[in-house]
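Biologist: I am new to this structure and would like a close look at a single part of it. Please take the place where the ligand sits, and then go on to the parts elsewhere that help a newcomer find the way.

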Amino acid sequence: MSIVEDDKLQRVIYQDDKLHEECGVFGVFCNDPEQEAAPLVYYGLFSLQHRGQESAGIAAVKDKVIEMQKGMGLVSDTFNPDVLSRINGSVAVGHVRYSTFGSSSLVNAQPFVSRFKLGSIAVAHNGTLTNADVVRELLEDAGIGFISSSDSEVIVNLIAKNYKKGLEKALTDTIQFIKGSYALVVLTDDALVGARDPNGIRPLCLGQLDCPGQLGGPGLGKSSGWILSSESCAIEAAGGTFIRDIEPGEVVIISRDQVLSFSFSEKTRRAICAFEYVYFARPDSVIDGIDVYGSRIRAGEILGMESAVAADLVIGVPDSGIPAAIGYGRATGTPFGMGIVKNKYIGRTFIAPGQAAREKAVSLKHFVIRSEVSGKRVVLIDDSIVRGTTSRRLVSLLKEAGAKEVHIRVCSPPVRFPCYFGIDTPHRKDLISNASNADELCKSLGADSLAFITVKGLLESLELPAVQSDDKDAGFCLGCFTGEYPIPVSYKHGAAV
Ligand code: SF4
């Protein structure tokens with residue numbers, strides 16, 4: 001992690017050494033019009049909290065009126081029974097957001113709601129539009145005002161502008177106009193809509209609501225509603241059952257009468273973000289048929305086959321480095337142990353007025369278990385190295401705790417390029433693998449050796465299940481490793497150049 005000092009506020013702001021997912025989306029359609037959907041969305045957002053911790057929001061529709069509540073912080077900071085009781089209706093959508101520090105404000109929190117002559121809609125978006133500036137300018141020229149800097153507001157205004165053509169046409173016209181990555185859940189006066197970009201860069205899946213309001217209880221024997229979610233783990237948390245992934249380029253419109261699905265784009269190559277499996281997604285999720293936990297174990301096994309080193313112990317950087325460390329241990333016969341523990345309660349900011357206190361604070365994020373590592377040759381498995389700050393600190397902590405050698409193994413290839421599809425990436429000059437070769441990097445981290453999984457190895461770890469293995473269009477976005485993106489990007493877009 002690196003530390004940025006905010007003099008004015010006398011706070012220390014952690015920027016941990018990871019790429020960050022920017023959003024999670026969730027939607028519920030209850031067939032029973034008397035059933036409240038907002039509490040189920042609340043449970044869903046709780047399970048998507050790892051995808052964004054800076055703001056949360058829920059919107060629901062009742063008698064064609066959309067009510068919304070949103071706030072800064074965790075889902076539990078924003079919602080309590082009183083707040084939830086003010087969001088009534090049997091159809092609801094929700095959103096959790098991560099943001100860069102500068103754009104962290106309530107105006108950018110989602111869902112975005114638009115109320116207009118023909119109705120109202122609320123949109124929750126995960127992803128980034130690569131042509132947001134152009135679309136925003138066109139809408140502003142047409143007299144449409146914006147309240148936020150978010151490109152997600154572009155989507156809500158575009159759908160609202162096209163709404164007089166009918167919902168289906170408004171959606172297809174909007175979606176064909178926007179470019180980039182998006183998993184969308186949209187709430188209208190009487191429907192819940194899900195859409196995934198033509199390459200499926202960000203995940204979205206469909207679930208069936210078995211027993212609304214009765215978490216963990218018995219099913220009702222037939223569907224009593226539907227769920228749309230960024231990840232399958234959240235469907236189960238809301239009392240539903242995973243049905244399938246929304247296909248790249250697919251729109252699903254769920255209403256009282258039917259569930260309508262259509263494809264809005266020519267068939268394109270599937271290119272789901274490989275980092276969803278490496279780090280972003282919760283390990284109990286299954287995305288596009290691939291079990292996230294299993295893929296992390298396999299990445300560790302492949303890393304072990306590609307770059308084994310003689311050692312007494314393999315440990316993982318919590319949380320996502322741990323399954324990979326288990327896999328590495330299995331493949332190489334190195335004993336696995338818990339050498340590092342993470343403080344889960346430290347937030348992104350805290351008060352640390354003096355320099356000494358700030359330096360001390362760096363050690364608050366991770367603790368080394370001295371008795372486990374002392375006197376041993378240790379392999380340290382991490383999911384990624386972005387700026388190198390956390391790895392450098394961990395090597396130093398391990399050596400201070402008596403480790404004889406520290407060998408870093410990383411279960412993603414070197415991150416050398418920015419992401420343009422909804423992931424917060426540092427400036428390219430700050431990506432340490434872009435600035436140094438492996439030997440320089442190893443030396444700068446203070447490690448005894450360093451190796452990354454190869455791109456080929458990463459792809460092998462994401463082995464597709466039999467059901468998809470004959471899908472010649474199945475693939476992954478590897479843009480931040482290779483610089484080759486599934487859709488053209490403007491290097492001027494975004495700040496991450
Ligand atoms: S560029 Fe990297 S982080 Fe961004 S979508 Fe592609 S694989 Fe994911």
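Modeller: What follows starts at the ligand and then turns to another pocket, two strands and some backbone details.

The model is a predicted one. A search of the whole structure finds four cavities of 30 Å³ or more. The ligand sits in the largest cavity, which holds about 100 Å³ of space. Its lining is made up of 16 residues. Those nearest the centre of the largest cavity are Cys273, Cys419, Cys477, Gly479 and Cys480. Sorted by class, the lining of this cavity has 14 nonpolar residues, one polar and one charged. Two helices, H8 (275–280) and H17 (479–482), each supply at least two residues of that lining. H17 gives the largest share, three residues.

The shell around the ligand can be read residue by residue. It consists of Ile201, Arg202, Cys273, Ala274, Cys419, Phe421, Ile423, Cys477, Gly479 and Cys480. By class, this shell divides into eight nonpolar residues, one polar and one charged. The charged residue is Arg202 and the polar one is Gly479. Cys273, Cys419, Cys477, Gly479 and Cys480 belong to the ligand shell, and these five also lie nearest the centre of the largest cavity.

The second largest pocket is a separate item, with a volume of about 210 Å³. Its lining has 13 residues, and Ile178, Lys179, Gly180, Pro198 and Ile487 lie nearest its centre. The lining of this pocket contains seven nonpolar, five polar and one charged residues.

Next come the strands. In strand E13 (residues 225–229), five of the five residues are buried, so the strand is largely enclosed by the rest of the structure. Gly225, Ile227 and Ser229 point one way from E13, while Trp226 and Leu228 point the other way. E13 is paired with two strands. Strand E4 (residues 23–30) runs antiparallel to E13 and is joined to it by five bridges. Strand E12 (residues 205–209) also runs antiparallel to E13, with four bridges between them. Trp226 in E13 stands opposite Phe29, and Trp226 is also the bridge partner of Gln208.

Strand E25 (residues 405–410) is mostly covered, with five of its six residues buried. E25 runs parallel to strand E24 (residues 377–382), and six bridges join the two. Within that pair, Asp382 stands opposite Val410 of E25.

Some backbone details remain. Most residues other than glycine have a negative phi, and most peptide bonds are trans. Gln110 and Pro111 are joined by a cis peptide bond, with omega about 5°. Pro111 is in the loop between strand E7 (91–97) and strand E8 (112–116). Another cis peptide bond joins Pro318 and Asp319, with omega about 0°. Asp319 is in the loop between strand E20 (313–316) and helix H10 (321–332).

Positive phi values are found at Lys64, near 65°, and at Asp288, near 50°. Lys64 lies in the loop between strand E5 (55–62) and strand E6 (65–72). Its relative accessibility is 52%, so Lys64 counts as exposed. Asp288 lies in the loop between strand E18 (286–287) and strand E19 (290–291). With a relative accessibility of 2%, Asp288 counts as buried.

Conventions: Residues are numbered from 1 along each chain as its sequence is written. This is a predicted model: local features need pLDDT of at least 70, side-chain atom pairs count only at pLDDT 80 or more; totals for chains, interfaces and linings use all residues. Side-chain values use heavy atoms; hydrogens and water are left out. On a 1 Å grid over the protein atoms alone, a cavity is a set of points where a 1.4 Å probe fits but cannot get out, and a pocket is an open set with protein on both sides within 12 Å along at least five of seven lines; lining residues have an atom within 4 Å of a point. Grid points are joined across faces, edges and corners, and a volume is the space filled by probe spheres set on the points. A residue is near a molecule or strand if one of its heavy atoms lies within 4 Å of it. A molecule sits in a cavity or pocket if more than half of its atoms lie within 2 Å of its grid points. Buried means under 20% relative accessible area, exposed over 50%, partly exposed in between (1.4 Å probe, protein chains only). Two strands pair if DSSP finds at least two bridges between them.
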